[in-house]
Amino acid sequence: MPDPSLLLLLAIPGLIGAGYLAYEFRRLGRPATWGAAIGAATGALGPLIFMLPLNFCTFEAGRKPLDMLIGGVLVAAGAALALEAVKYVVRVRFTPKALGEAQHQQQGIFRGWLTPFLLLAPTLVILVLFLYYPAIDNFRLSTLLARLGTPRTAFVCVDNFTRLFHEDYYQVVFNTLVISTGIVVFGLLISLAIAYLAFQQVTGIGIYRTLLIWPYAVSPAVAGIIFLVMFDPVAGVINHFIELLGGTGLQWIKDPWLGRFTIVAASIWKMLGYNVLFYLAGLQNVPKDLLEAAAIDGANAWQRFRRVTIPSLSPITFFLIVTNVTYAFFDIFGTIDFLTKGGPAGATKVMIYEIYELGILEYDLGKAAAQSIVLFLLVIGLTVLQFRTTGQRVTYGA
Amino acid sequence: MSTATGQTMQASAPALSFPGRLRRLIPRRWYIHLLLWITCFIVGFPVLYAMLVSTQTNAEVTSFQFTPGTALEFNFRAVMFERNLGRFMLNSVLLAVVVTTGKTVLSLLAGLAFVYFRFPGKWLVFGFVLATLMMPTEILVIALFRFVSSLGWGDTFWAISVPFLASATGSFLFRQHFANLPAELSEAAQLDGATPLQFLFRVLVPLSWNTVGALAVIQFVYVWNMYLWPMLIIKNEALQVVQVGLGSLRNVDAGLTYGPLMLAAVIASLPPVIIFILLQKPFMSGFAITRDK
């Protein structure tokens, strides 16, 4: 049962919301009192997005400080979400043509308001059933002690999340960060170097480019299989080459760090064509007059590359960082499943692999759902960052 | 005087006149060709090696023989007849064609609705569609698995196709593309009394082949490469897609058999590579877009 005094808790975001929207209204030249009223209501009601389903359980007597902290974060997040949404609506409403259709030329309009909904119906139905509903169900699952096959489920508040503050999960997060950083940093450096080479104007460059780009079509699973055979400690051709050069073969996928290296190498190879493709497109758009001006000022080739080309490529680089991170978060599953299955000793178990193991192999749906939400938050963060930086010019996802 | 000028002319002319430039180009640029050759070889090496291994017996693989082996026919028979590779391939082709076509059609319809109609809540609906960019199916597998199983769709073609028919990327792309077409088109179509669907398929689609082609490459490759979801929801081997099916080829006789596994991997990579090479032009010129789900 929620204690009525808990409602006082909502007064804090209410006050902050009042100030926030009062300021926003004044900036737009509207009465600040209205802003304060709307802001107070929004700030106070926003946290209920999370607190009603949870029934304020994080603030019950006997809860640990960590639960309270998560509760506090949820209250703040709910208020922030609601306030940002209201602020957006207010801006659209009160700023003439700020975000309207004005950028596009006006297209001829067909009549009828029902037809567009009929046209959109298949898309909307599928999105609701197979993305929105599972997303909501996932949030619900994350508060339950739910096991696949067991009919009884129990509400456990945020315990599934507090259980994540544990060494095992830190290890999974660490693996994810190490592997995605490796893929992004080395993958992009190698791709840029190759793209720069393929950008040179020599005869037959079109053929070279095709030869460099097509590995894009190879799947993560196939990349895993090929690297599994190449990096086999006994029969692998890589160890054979090392031995030919006078070294001793390495225990690749049987060693934690070498295992991570193998996963990173397979992923870099799989993403190479894709990255090169975008860097090639980017290199074509580097302003030639800037390069010429730099050459006239006496900059050598490296200085021109470092000071003109790389900065001009930064939007593409940022876009590729996001897509490569998304790749490292999700699509890498096939590669890992074939190469290491999360081993050795959990060294290549990344977040998506852990979700699969928990939810599907160990039937711990609640905890898997909680981990999905952690990953979800990372994706939202990335997407927001991407939109902030590059606007709507580039997108990812389906 | 004139000789001096002639010499200067000769010294600078080769850089300008065409045959001279060609003559100088080859010695000056040979190292770029060399570098490109080496790079192409390294990038292509994993697949070249896979092709090599797919012709070999285990003994030939482990003795690191770098000439084509003797077992291509045996390996082919093993994956095609002893194992279900043909079945897996057929399932994947069917799935990729259905989902790619469905996604393209639904995205075209959505683009049409967003650009050529005015309706209440348009921006809200658009935001609703666009927000799904942030919900990769992979994150939702656990909940999706529960939902799809509760529909009784476990082990059916529906389970791997229907959830992927809608596309925020596609809707977004076609919306952008249509919005930048000249307004005269839609005005003329309305004067002629064309219905929205006639307008879409007779006017818009023929003007959108680049976008359609680019989207088709991405969708096809995405669907073809799907792994986690089919692995979870499809248990019946006869319905399995090729990416997951490859896993069952690890052990053909006792122990890891490299040849059949590599051959299967190479065969499984052919359709997306063919699609990519066929649609390379629209893909390169079509747009700047990326990962799909």
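Val217(B) sits against Ile275(B), Phe276(B), Leu279(B) and Phe283(B), leaving aside residues up to four places away in sequence. That makes a handy way into this predicted model. Val217(B) belongs to the largest nonpolar core, which has 164 residues, and it is one of the five that touch the most other members. The other four are Ile225(A), Val276(A), Ile352(A) and Ala265(B). If you're wondering which element supplies the largest share of this core, look at helix 5 of chain B (residues 85-116), with 15 residues. Apart from this core lies another one of 18 residues, including Leu10(A), Tyr20(A), Val75(A) and Ala82(A).

Now for how the chains meet. On the chain A side, 78 residues are in contact with 81 residues of chain B. Helix 5 of chain A (residues 114-141) gives the most to that side, with 17 residues. What sort of residues does chain A put on the side that touches chain B? They split into 57 nonpolar, 20 polar and 1 charged.

Zooming out to chain A itself, you'll find 16 helices and 2 strands. Its C-alpha atoms fill a box of roughly 75 × 60 × 45 Å along the principal axes. Of its 398 residues, 42% are buried. Take the contacts in chain A between residues at least 6 apart in sequence: 69% of them join residues at least 24 apart.

Both chains are divided into domains, so to speak, as the table lays out.

| Chain | Domain 1 | Domain 2 | Between C-alpha centres |
|---|---|---|---|
| Chain A | residues 1-100 | residues 167-390 | 39 Å |
| Chain B | residues 13-74 | residues 83-286 | 34 Å |

In chain B, 9 residues of domain 1 are in contact with 7 residues of domain 2. On the domain 1 side, the elements giving two or more residues are helix 2 (18-53) and helix 3 (58-62) of chain B. Helix 2 of chain B has the largest share of that side, at 3 residues. By class, the domain 1 side comes out as 5 nonpolar, 4 polar and no charged residues.

Back in chain A, helix 15 (residues 351-361) deserves a closer look. Is this helix mostly covered or mostly open? It is mostly covered, with 8 of its 11 residues buried. The buried ones are Met351(A), Ile352(A), Tyr353(A), Glu354(A), Ile355(A), Tyr356(A), Leu358(A) and Gly359(A). You've met Ile352(A) already, among the core residues that touch the most other members.

There is a backbone oddity in the loop on either side of helix 15. In the loop between helix 14 (314-339) and helix 15 of chain A you'll find Ala345(A). Ala345(A) has a positive phi, near 55°, despite being a residue other than glycine. Is Ala345(A) buried or exposed? Ala345(A) counts as exposed, because just 12 other C-beta atoms lie within 10 Å and the cut-off for exposed is 12 or fewer.

The other case is Tyr363(A), in the loop between helix 15 and helix 16 (365-390) of chain A. Tyr363(A) isn't a glycine either, yet its phi is positive at about 65°. With 13 other C-beta atoms within 10 Å, Tyr363(A) is partly exposed.

Note on methods: Residues are numbered from 1 along each chain as its sequence is written. Chains are lettered from A and ligands numbered from 1 in the order in which they are written. This is a predicted model: local features need pLDDT of at least 70, side-chain atom pairs count only at pLDDT 80 or more; totals for chains, interfaces and linings use all residues. Helices (H or I, at least four residues) and strands (E, at least two) are DSSP runs, numbered from the N terminus. A residue is buried if 20 or more other C-beta atoms lie within 10 Å of its own, exposed if 12 or fewer, and partly exposed in between; C-beta atoms are placed from the backbone. Two residues are in contact if their C-beta atoms, placed from the backbone, lie within 7 Å. Ala, Val, Leu, Ile, Met, Phe, Trp, Tyr, Cys and Pro count as nonpolar, Asp, Glu, Lys and Arg as charged, and the others, Gly among them, as polar. Domain bounds come from an automatic or database domain assignment. A nonpolar core is a set of buried Ala, Val, Leu, Ile, Met, Phe, Trp, Tyr and Cys residues joined through C-beta atoms within 7 Å.
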